[in-house]
Amino acid sequence: MESAATRLEAVRERIAHACQVAGREPQEVTLVAASKTHPAEAIEPLLEAGQRVFGENRVQEAQGKWPALRERWPAAELHLVGRLQSNKAGDAVALFDCIHSLDRLSLVAALAKAMDKAGRRVPCFVQVDIGEEPQKGGCAIAELPDLLAEARAADIPLIGLMAVPPLGIEPAPFFALLDKLARDHGLPGRSMGMSADYKTAIMLGATHVRVGTALFGERGG
């Protein structure tokens, strides 16, 4: 069995190589370790190996794991990379350092209210449905300008766009489209790329890659 440190080093080397080919600096890319469905015992070895940014899909699951982990690792940064229900906005604002899945006007309102109440502004990516797959979440491309305007008006810090390309299709055109949309709207961040395609995503401008399997092995559940 490969150790967590070995897997982490391998992923970091691939990120550095993709950056070199793309003429970018490795520090331009944040590795988000997708720890969803993995227990604290599987996360801790990566923390020990130096990984500090982690991604969870569900608020409730993160609430069960991360308070104790953060007591031991206060520098750990937690990102919500899965869909967020509006009724969980308050919990998400309390727990996460970044939200990657802002995708509809009702969630803008819920997050703005939660941030006002908590006195805490949590940076957000707007998730875009670039593959026209409503089941994945994400706002339609045509609705993006209105959503961005509403979020900015509500004083939600917007740092970029996020997308999940369709499975089984070459992802590069979708990554290129997200990069163009981010440039068109003056947003610096692009959260795109997972274990199977993060090197391609980096070549096309990714600033945050969400890697699970390559760091943890096949996930449990």
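Colleague: Is Phe54 buried or exposed, and what of Trp66?
Modeller: The model discussed here is a predicted one. Residues under 20% relative accessible area are classed as buried, whereas those over 50% are classed as exposed. By this criterion, Phe54 and Trp66 are both buried.

Colleague: Phe54 and Trp66 form an aromatic pair; what is the angle between the planes?
Modeller: A pair of aromatic rings is described by the distance of the centres and the angle of the planes. The structure holds one aromatic pair. In this pair, Phe54 and Trp66 stand 5.2 Å apart, centre to centre. The arrangement is tilted, and the angle between the planes is 50°.

Colleague: How many residues apart in sequence are the parts that this pair ties together?
Modeller: Phe54 belongs to strand E2, which covers residues 53-56. Trp66 belongs to helix H3, which covers residues 59-72. The pair therefore ties together parts whose separation in sequence is twelve residues.

Colleague: Which residues of E2 are buried on each side?
Modeller: Both faces of strand E2 are covered. On one side the buried residues are Val53 and Gly55. On the other side they are Phe54 and Glu56.

Colleague: In E2, which residue is the bridge partner of Ala33?
Modeller: Strand E1 (residues 30-34) pairs with E2 in the parallel sense, over two bridges. One of the bridge partnerships joins Ala34 to Gly55 of E2. For Ala33, the partner in E2 is Phe54.

Colleague: Through which helix does the chain cross from E1 to E2?
Modeller: The connection from E1 to E2 is a β-α-β crossover, and it is right-handed. E2 also takes part in a right-handed β-α-β unit with H3 and E3. In the passage from E1 to E2, the helix comprises residues 40-48 and is named H2.

Colleague: In E3, which residue is the bridge partner of Val53?
Modeller: Strand E3 (residues 77-80) runs parallel to E2, and four bridges join the two. Val53 has its bridge partner in E3, namely Glu77.

Colleague: How many of the five residues of E1 are buried?
Modeller: E1 runs parallel to E8, to which four bridges join it. Among the bridge partners, Leu31 is matched with Val209 of E8. E1 is largely enclosed by the rest of the structure, because the number of its five residues that are buried is four.

Colleague: Which helix gives the largest share of the largest nonpolar core?
Modeller: In soluble globular proteins, nonpolar side chains tend to be buried together. Here the largest nonpolar core has 66 residues, of which Leu102, Leu111 and Ile156 touch the most other members. The largest share of this core is seven residues, and they come from residues 105-118, helix H5.

Colleague: At what distance does a polar contact join the side chains of His100 and His79?
Modeller: His100 is in strand E4, which spans residues 98-102. Its relative accessibility is 0%, so His100 counts as buried. Beyond four places away in sequence, His100 touches residues including His79, Phe125, Met162 and His208. With His79 there is a polar contact between the side chains, at 2.8 Å.

Colleague: The side chain of Asp103 reaches the backbone nitrogen of which residue?
Modeller: Asp103 lies in the loop between E4 and H5, and it counts as buried because its relative accessibility is 6%. A polar contact of 2.7 Å joins its side chain to that of Arg104. At 3.1 Å, the side chain of Asp103 also reaches a backbone nitrogen, that of Gly138.

Colleague: Why does Gly205 count as buried?
Modeller: Gly205 is located in the loop between helix H8 (198-203) and strand E8 (208-211). Leaving out residues up to four places away in sequence, it touches Arg24, Asp179, Arg190 and Met192. Buried means under 20% relative accessible area. Gly205 therefore counts as buried, since its relative accessibility is 18%.

Colleague: How far apart in space are Met192 and Asp179, C-alpha to C-alpha?
Modeller: Met192 is placed in the loop between strand E7 (189-191) and H8. Met192 is buried, with a relative accessible area of 0%. Its contacts beyond four places in sequence include Phe175, Leu178 and Gly205. Met192 and Asp179 are 13 residues apart in sequence, and their C-alpha to C-alpha distance is 9.4 Å.

Definitions and conventions: Residues numbered from 1 in each chain as written. Predicted model: local features only at pLDDT ≥ 70, side-chain atom pairs only at ≥ 80, totals over all residues. Heavy atoms only, no water. Core = buried A, V, L, I, M, F, W, Y, C linked by side-chain atoms within 4.5 Å. Buried < 20%, exposed > 50% of the residue type's maximum accessible area, 1.4 Å probe, protein only. Phe/Tyr/Trp six-rings, centres within 6.5 Å; stacked < 30°, edge-to-face > 60°. Polar contact = N/O pair within 3.5 Å; in protein donor to acceptor, adjacent residues only side chain to side chain. Contact = heavy atoms within 4.5 Å. Pairing = 2+ DSSP bridges. Right-handed = clockwise from strand over helix to strand, strands pointing away.
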